[in-house]
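Me: I'd like a close look at one part of this protein, the largest cavity and the helices around it. Could you walk me through what lines it and how those helices pack?

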Amino acid sequence: MTWQPELDELRRRQELAERMGGPEKIKRQRDAGRLTVRERIALLLDEGSFHEIGALAGTAGYDESGELASFIPANFVTGTGRLDGRKVVVGGDDFTVRGGAADASIIGKQIYAEQLANELHLPIVRLVEGTGGGGSVKTLEQSGHTYVPVNPGWDYVVDNLSMVPVVAAGLGPVAGLGAARLCAAHLSILVEGTAQLFVAGPPVVSSGVGEHVDKEQLGGSRVHARNGAVDLIAASEVEAFTLIRRFLSYLPPSVFELPPVAANADPVSRRSAELLTAVPRDRRQPYRIRPILAAVFDTGSVMEVQRYGGSIVTALARLDGHPVGVVAGDPYVAGGCLTVEGAEAVTRLADLCSAFHLPVVTFTDQPGLLIGTRAEQRATIRHGVRAIAAVYQAGVPGAEIVVRRVFGVGGAGLTNRHRLTRRWAWPSADWGSLPVEGGIEAAYRADLEQADDPAALLAEIRARLDAVRNPMRTAERFGIEEIIDPRETRPLLCDWVRDAYAVLRGSPPGRPTFGLRP
């Protein structure tokens, strides 16, 4: 006597689950340019590493003799696997079954995936497509009753943001609870062309507010690329999976461990000659910040993580193999001023680094918060103060390279200068309560009005102030600790990062006081 009949039945049911919504629905999925959930999991994870949990969950039909006659699997596939050898939890919506809308099984499986990540301290990857919520209005007629809504598993969804790395990719139409699951992540990705994000889809929008739009117009990548709803736009599903693997490579499995230090072949003593001419002598001339970052950090290690930040570049990178967070001003966008989007990027980067114990390196060229009517209408000051609060609450070791401007509230708040931050300035540094160019005519108005030659007097005043604004004058008063040759930036930061990690190792890692800042 063996249990072979039962094992045969088990295998049969597993095979039925692997058929998903059937050949016609699978063909429709592929014709739309989208992979099936099982294809996605196979592409994302290390080959052969996926261990599925709950494959037998679904809707079964039985004949008169009690034998299984039909089986529709739950439209959520979950389990554990490995990404570059590191164990993760993965959960994906199956759009070929009821368009990814919740059924009696999907809710339990979603909750279990979040709980598994939470209690085993494993990163979680969500592959989102569909609503992932309570289904359509037709479901109400079938069930015979309505219900008071609840977001299933959100006690774990919220807590996981303070526990483990959470990554979510929108891989098709994403609405309702699915949209919320996409946004409740440390990194959210939307695939260009085939994925859309919205609170409610076009039919609901049409009946609810009278707008007649298609899915791309309502929530495509052009809508969300710069508004902060998602962090990154991927050109394809394959690129999205590459971004997921890369992002997780910088982070520990949970808040109870430190980030992994990788082998590094890039010499720490490298002194990039291009840094000497990276910043123009003309203060009004912008420059490219990304080549500067590439010249300082380990080769190929800079990964931007909030591409909507505009005037603020936020990234993860490595120094001698040690993961760090990066904040840098981009003078090519809004003159480098801190905008609403830039403030949101700073906030998210600071919270990420605080939760997962990454030191932060700031490249400061910050003329202050954006000014003007539009900036005031958008409550820029509120968003800027929120970002400054996040910076002050981060609590991880910090280093700052003052590349050029440090002015106003925005410049003052980009790093916490009330605590020890290793700080170096380049000779191009320029700082104060406000830019000299913007304050001369106000401060010297009476003198200029009385002068026989106002233009000559203005030029004379500017020359005097140019001498005062020389960063060497600040160094004389120990207002800046060091002014350095820009080519020394990488060696100095590589030396600092080892000290920063020694501090982190001396303080046991653990839960932050908050996760994702709502």
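Reply: Sure, let's start with the whole search. It turns up 4 cavities of 30 Å³ or more, and keep in mind that this is a predicted model. The largest cavity holds about 210 Å³ of space. As for how such gaps are found, rolling a probe the size of a water molecule over the atoms shows where empty space is left.

Now for the walls. The largest cavity has 17 lining residues, and the ones nearest its centre are Val360, Thr362, Val391, Leu414 and Thr415. Four elements give two or more residues to that lining: helix H13 (340–356), strand S14 (360–366), helix H15 (380–394) and strand S15 (398–407). H13 supplies the largest share, with 3 residues. Sorted by class, the lining of the largest cavity comes out as 10 nonpolar, 6 polar and 1 charged residues.

Two of those elements, H13 and H15, also pack against each other, so to the helix pair next. The axes of H13 and H15 come within 8 Å and cross at roughly 20 degrees. Angles under 35 degrees count as roughly parallel, which is why H13 is described as roughly parallel to H15. The crossing of H13 past H15 is left-handed.

Who touches whom? On the H13 side, the contact uses Val340, Ala343, Glu344, Val346, Thr347, Ala350, Asp351 and Ser354. H15 answers with Thr380, His383, Gly384, Arg386, Ala387, Ala390, Val391, Gln393 and Ala394. Val391 is worth a click in your viewer: it belongs to the H15 side of this contact, and it is also among the residues nearest the centre of the largest cavity. By class, the contact of H13 with H15 has 8 nonpolar, 6 polar and 3 charged residues.

For a comparison, try another helix pair, H3 (residues 37–44) and H11 (residues 237–249), whose axes come within 10 Å and cross at roughly 45 degrees. That angle makes H3 oblique to H11. Here the crossing is right-handed. Arg40, Leu43 and Leu44 of H3 meet Glu237, Val238, Phe241, Ile244 and Arg245 of H11. That contact has 5 nonpolar, no polar and 3 charged residues.

One last stop, for an open space rather than a closed one: the second largest pocket contains about 410 Å³. It has 16 lining residues, and Pro280, Arg281, Pro427, Ser428 and Ala429 are the closest to its centre. The class count for this pocket's lining is 9 nonpolar, 2 polar and 5 charged residues.

Methods: Residues are numbered from 1 along each chain as its sequence is written. This is a predicted model: local features need pLDDT of at least 70, side-chain atom pairs count only at pLDDT 80 or more; totals for chains, interfaces and linings use all residues. Side-chain values use heavy atoms; hydrogens and water are left out. On a 1 Å grid over the protein atoms alone, a cavity is a set of points where a 1.4 Å probe fits but cannot get out, and a pocket is an open set with protein on both sides within 12 Å along at least five of seven lines; lining residues have an atom within 4 Å of a point. Grid points are joined across faces, edges and corners, and a volume is the space filled by probe spheres set on the points. Ala, Val, Leu, Ile, Met, Phe, Trp, Tyr, Cys and Pro count as nonpolar, Asp, Glu, Lys and Arg as charged, and the others, Gly among them, as polar. Axes are lines fitted to C-alpha atoms, for helices over the stretch in contact, and angles run from 0 to 180 degrees between N-to-C directions. Angles under 35 degrees count as roughly parallel, over 145 as roughly antiparallel, 65 to 115 as roughly perpendicular and the rest as oblique. A crossing is left-handed if the near helix is turned anticlockwise from the far one by less than a right angle, and right-handed if clockwise. Contact means heavy atoms within 4.5 Å.
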